[in-house]
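Reader: I am new to reading protein models, and I would like to learn how to go from a single residue to the whole picture. Could we work through one example together, step by step?

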Amino acid sequence: MNKKFGVQLYTLRNFLNSADEIAETFAKIKNMGYDNIQTHCALKNYDNFARLAQKAGLEICGTFDDFEMMLNNPEQSIENHRKLNTKIMGLAIANGYDNMEIVSDYINKFNKTIINHKIQYNNNI
């Protein structure tokens, strides 16, 4: 069985502040033997991030993305994931949402939207 290993970029978030830093960090990740990365937050430039990952030979296996965007503009969120060429969308919901019943209802509604685009979500509540 061919296994691929990945890195959740939250641990490296302080080294991803510019295109140069992202490229350098991605090169180091690849040189350590990793093949996959998972984003940790909303990106400033999805196209550039995807291009730099591809250039380094890294696959974006999933995300933890901007909950507010997913909530208020799900089509944009879906488009951003297409740019990253990933089908796993992580919902990182912690701050400001005390009523988990409302969040659960939203996730169920959101899932009906993204399933038509062959995207799945992963909760990190």
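Reader: Leaving aside its neighbours within four places in sequence, which residues is Thr86 in contact with?

Author: Please keep in mind as we go that this is a predicted model. Once the neighbours within four places in sequence are left aside, Thr86 is in contact with Ile60, Cys61, Gly62, Thr63 and His81. Thr86 itself lies in the loop between H4 and strand E4, which spans 88-92, and its side chain reaches the backbone oxygen of Ile60 at 3.3 Å.

Reader: Is Thr86 buried or exposed, and why?

Author: Thr86 counts as buried because its relative accessible area is 4%, and buried means under 20%.

Reader: Thr63 appeared in that list, so where is Thr63 found, and what is Thr63 in contact with beyond its neighbours within four places in sequence?

Author: Thr63 is found in strand E3, and at 0% relative accessibility it counts as buried. With the neighbours within four places left aside, its contacts are Gln38, Thr39, His81, Leu84, Thr86, Ile88, Met89 and Gly90. With one of these, His81, the side chain of Thr63 makes a polar contact of 2.6 Å.

Reader: How should I read the packing of two helices, and what are the angle and the distance between the axes of H1 and H2?

Author: Two packed helices are described by the angle between their axes and by the distance between those axes. Here helix H1, residues 19-31, and helix H2, residues 46-56, pack at an angle of about 35°, and their axes are 9 Å apart. The crossing of H1 and H2 is right-handed. On the H1 side the contact is made by Ala19, Ile22, Ala23, Phe26, Ala27 and Lys30, while H2 contributes Asn48, Phe49, Leu52, Ala53 and Ala56. Sorted by kind, the residues of this contact are nine nonpolar, one polar and one charged.

Reader: Which residues of H2 are buried, and what do they pack against?

Author: It helps to begin with a general idea: an α-helix has 3.6 residues a turn, so residues three or four places apart point the same way. In H2 the buried residues are Tyr46, Asn48, Phe49, Ala50, Leu52, Ala53 and Ala56. These buried residues pack against H1, strand E2 (36-38), strand E3 (59-65), helix H3 (67-72) and helix H4 (74-84).

Reader: Arg51 is also in helix H2, so is Arg51 buried, partly exposed or exposed, and why?

Author: Arg51 counts as partly exposed because its relative accessibility is 45%. Its side chain is joined to that of Asn48 by a polar contact of 2.5 Å. Arg51 and Lys83 are 32 residues apart in sequence, and in space they are 9.2 Å apart from C-alpha to C-alpha.

Reader: What is found at the two ends of H2?

Author: At the start of H2, a side-chain oxygen of Asn45 comes to within 3.2 Å of the backbone nitrogen of Asp47. After H2 comes Gly57, whose phi is positive, near 80°.

Reader: Finally, how many helices and strands does the protein have, and in what order do the elements run?

Author: The protein has five helices and five strands, and from the N terminus on they run β-α-β-α-β-α-α-β-α-β. Of the 125 residues in the protein, 35% are buried. Among contacts with a separation of 6 or more, residues 24 or more positions apart account for 62%.

Key: Residues numbered from 1 in each chain as written. Predicted model: local features only at pLDDT ≥ 70, side-chain atom pairs only at ≥ 80, totals over all residues. Heavy atoms only, no water. Axes fitted to C-alpha atoms, helices over the stretch in contact; angles between N-to-C directions. Helix = DSSP H or I, 4+ residues; strand = E, 2+ residues; numbered from the N terminus. Left-handed = near helix turned anticlockwise from the far one by under 90°. Contact = heavy atoms within 4.5 Å. Nonpolar A, V, L, I, M, F, W, Y, C, P; charged D, E, K, R; others polar. Buried < 20%, exposed > 50% of the residue type's maximum accessible area, 1.4 Å probe, protein only. Polar contact = N/O pair within 3.5 Å; in protein donor to acceptor, adjacent residues only side chain to side chain.
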